[in-house]
Amino acid sequence: MAALVATGGATVPEPPDPGWASPGLVGGGGWPFAGVPLSPDQAEGASYLPGSSVVRLADGRIRLVPSGGEAPITVDASDPRVARAVRSDSAWLAQGTVPEGGQGGAYRDMATRALLDLRLLTRSNGASLASWYSKWRYCWPRDSAFAVAAFAATGHPSEARRILRFLARAQHDDGMWAARYNPDGTAVADGRAPQLDSLGWVLWSTWFYRVQAADQDELPVLWPMVRRAADHLARSLDAEGLPPASSDYWERGHRHEQDPRRPTLGVVGPVLAGLRAATDLAQMRGDGERAAQWRHAAQRVSDAVARQFAPYGYPRSPVPGGLMDTSVTFIAPPFAPADAGVTAAVADAARKQALPNGGVLPGERWSGDPAVAWTPETALFGLSAAASGRTGEAHDRLGWLSAHRTSMGVLPEKVGATGKPAGPAPLGWTASLVLLSLSALERPLPTP
């Protein structure tokens, strides 16, 4: 079975999982940031009390995880624990900001829910879970990096620090991370090879945190992690300036790609952003030698992108007739400086991946369900638009995401042809991307 998973990657069939049917998590001040899914039979007519993860059921009673507890209880609305739980959540939100995208509160509910859900998905040890259910109840370094950026952008640096320290503890001596981790921090042994894009994403998020939080004291603690990851990436480049082939956010083995010998743009984009970010971190630390080494490596990757991907319009694999996918946004703002050719490629990808329900597929000629839209990919196009000044397009994407949440306002992983949620909710990566998009509409995000 391990060999089958290793060779088949994301194409291995998995049994259906009904867990996504829950419309959201119940929380409310439990220890620490405890939450549990609301059962589907309680979902009809339920809603969150404003500014909290406390749920009002259809019969008026309240479902919450009380302070200091981990199991949910159902109480009358007059129970003093209700007000205490709401105050706890509201106080945490007030420590930072809830981005609204400059729309006078139109997105405030979605942003509030996304922030509170990210908090519930982040364990006390810093493990940031993709979602709450079975095969999503793991910590992917890639998803965690975006949670770091979202917490940093919204003024919640302690959560960002906790995730980064978890990643620093989990990192291998060679700079790599496992493909994913259990909530307790142990690597998942399922045959998946380490995914090289995670190094770039963690480096980018560490830099993003340092710039947004202006936390000079944290850099020495994280520096060994940065050094190991950036050195690994710089050493990995081949004669063409490209990193080795690896699976990326598609969770698919590279042997299934159009060009199995070379990395996808889903790997190359994060590697480039990560090396640029590491260069800046080295300069902040005063390590000119490493800054020069990593700058040279970043330039080699950038030159390789210009030679290998640009002539074909920045497809997923650098071949004639290469198929487009959402990873083209990884070489656009806020991950890279604006470029006219890349901007055109982002528009081309968005057009080719568009679905009648208003969302997008992960890529052109997607091998999965052709009628189901994926919210992280839709949100990535929204973030690219927001960070590039295409405000109208960004609002279109955000409006679609807002309109296709669960009955309780939670962002799901996927949306079916009829517009109903078709994947787990909440999904941490989508929540992070929405928060970053709304932040980008209010003020420019830093770009390495």
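**Exercises on a predicted model**

Proline 334 is found in the loop between α9 (288-308) and α10 (340-353). The model used in these exercises is predicted.

**Exercise 1. Cis peptide bonds**

Find which residue is joined to proline 334 by a cis peptide bond, then place the cis bond that ends at proline 426.

Solution. Most peptide bonds are trans. Proline 333 and proline 334 are joined by a cis bond, with omega about 10 degrees. Next, the bond from alanine 425 to proline 426 is cis, and its omega is near 0 degrees. Proline 426 sits in the loop between β8 (414-415) and α13 (428-442).

**Exercise 2. Positive phi**

For serine 134 and arginine 365, look up phi, then decide on buried, partly exposed or exposed.

Solution. Most residues other than glycine have a negative phi. Serine 134 is not a glycine, yet its phi is positive, about 25 degrees. Serine 134 belongs to the loop between α3 (108-121) and α4 (141-153). Its relative accessible area is 40%. Buried means under 20% and exposed means over 50%, so serine 134 is partly exposed.

Arginine 365 also has a positive phi, near 55 degrees. Its place is the loop between α10 and β7 (373-374). The relative accessibility of arginine 365 is 69%, so this residue counts as exposed.

**Exercise 3. Two helices**

Classify the angle between α5 and α7, give the handedness of their crossing, and describe the contact by residue class.

Solution. Two packed helices are described by the angle between their axes and the distance between the axes. Step one: the axes of α5 (residues 157-170) and α7 (residues 218-236) come within 10 Å and cross at roughly 40 degrees. Angles under 35 degrees would count as roughly parallel, and 65 to 115 as roughly perpendicular; α5 is therefore oblique to α7. Step two: the crossing of α5 past α7 is left-handed. Step three: from α5, Arg161, Leu164, Arg165, Leu167 and Ala168 meet Glu218, Val221, Leu222, Met225 and Arg228 of α7. Sorted by class, this contact has six nonpolar, four charged and no polar residues.

**Exercise 4. A sheet**

Write the strand order of the four-stranded open sheet, name its edge strands, and find the bridge partner of valine 55.

Solution. Strands of a sheet pair through backbone hydrogen bonds, either parallel or antiparallel. The order here is β3-β4-β5-β6, with antiparallel pairing. β3 (47-48) and β6 (73-75) each pair on one side only, as edge strands. Strands β4 (residues 55-56) and β5 (residues 62-64) run antiparallel and are joined by two bridges. Valine 55 has arginine 63 in β5 as its bridge partner.

Notes. Residues numbered from 1 in each chain as written. Predicted model: local features only at pLDDT ≥ 70, side-chain atom pairs only at ≥ 80, totals over all residues. Heavy atoms only, no water. Axes fitted to C-alpha atoms, helices over the stretch in contact; angles between N-to-C directions. Parallel < 35°, antiparallel > 145°, perpendicular 65-115°, else oblique. Left-handed = near helix turned anticlockwise from the far one by under 90°. Contact = heavy atoms within 4.5 Å. Nonpolar A, V, L, I, M, F, W, Y, C, P; charged D, E, K, R; others polar. Pairing = 2+ DSSP bridges. Buried < 20%, exposed > 50% of the residue type's maximum accessible area, 1.4 Å probe, protein only.
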